Amino acid sequence: MFDARLRRVMEPALGRAAAWLDRPGITPDRLTALNLVLGLASAALAAGQCWLPALAAWLLCRIADGLDGPLARRRNRRTGNQDTGRGGFWDICADFVVYGATVVGVGIGANAAFAAPWLPFLLVLFAYYINGTAFLAFSSIAEKAGRQIRDGRSLSFLPGLTEGAETVAVHSLWLIFPGGAWEIAAVWALLVTASAVQRIIAGYRSLR
């Protein structure tokens with residue numbers, strides 16, 4: 001919901017960070033790999049009820065995820081290389097692994113520490129499945145139909161009620177308040193499901 005506005009606000013800072021990172025040994029794909037490793041570490045730490053280290057790993061993985069794209073675009077502009085889409089493919093795969101793993105990790109930790117029910121976390125995963133299917137299918141079909149959403153990203157992301165900024169906030173919240181993680185997950189599952197329905201309707205209408 002806030003992603004487009006946040007990208008505009010953060011673009012100068014991300015550009016400066018990408019310029020600082022633009023040096024031998026640091027590549028966009030390696031930043032994506034760092035995002036994946038930190039995300040899996042966050043999931044494992046949450047499963048072990050190490051909530052604050054899990055939060056730190058989660059926030060660092062999101063920073064790495066936010067920097068791989070700006071660095072890739074900067075390199076492509078400087079070298080004149082055309083974007084092949086490989087980095088975007090690697091990035092979305094890493095993100096899906098991280099999102100799923102962190103939900104499972106928090107569910108394990110909250111169940112062990114607070115006897116939290118599993119159902120809300122399963123519903124979040126189900127909602128992520130529907131949401132991911134909707135925007136990935138739209139992106140693929142929109143590309144074939146020449147109706148891509150061109151916002152600088154590799155895929156065509158349909159806007160929705162829940163986007164990246166909200167995901168970062170919610171995944172942070174249940175690490176800050178693990179005792180209430182299942183309640184947060186229940187509300188989040190409803191919001192993501194509503195967003196998925198919104199994207200299905202918007203995508204269907206836009207492809208007429």
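Here are some questions and answers about the nonpolar cores of this predicted model and the packing of two of its helices. Residues are numbered from 1 along each chain as its sequence is written, and side-chain values use heavy atoms, without hydrogens and water. Because the model is predicted, local features need pLDDT of at least 70 and side-chain atom pairs count only at pLDDT 80 or more, while totals for chains, interfaces and linings use all residues.

Q: Which helix gives the most to the largest nonpolar core?
A: A nonpolar core is a set of buried (under 20% relative accessible area, 1.4 Å probe, protein chains only) Ala, Val, Leu, Ile, Met, Phe, Trp, Tyr and Cys residues joined through side-chain atoms within 4.5 Å. The largest one has 27 residues. Helices (DSSP runs of H or I, at least four residues) are numbered from the N terminus, and H2, H3, H4, H5, H6 and H7 each supply at least two residues of this core. The top contributor, with six residues, is H4.

Q: Which residues does Val106 touch, leaving out those up to four places away in sequence?
A: Val106 is among the residues with the most contacts inside the largest core. Counting contact as heavy atoms within 4.5 Å, its partners are Ala46, Trp51, Phe121, Trp174, Leu175 and Ala181.

Q: Are H4 and H6 roughly parallel or roughly antiparallel?
A: Their axes (lines fitted to C-alpha atoms over the stretch in contact, with angles from 0 to 180 degrees between N-to-C directions) lie 11 Å apart at an angle of about 20°. Angles under 35 degrees count as roughly parallel and over 145 as roughly antiparallel. H4 and H6 are therefore roughly parallel.

Key: Buried < 20%, exposed > 50% of the residue type's maximum accessible area, 1.4 Å probe, protein only. Parallel < 35°, antiparallel > 145°, perpendicular 65-115°, else oblique.
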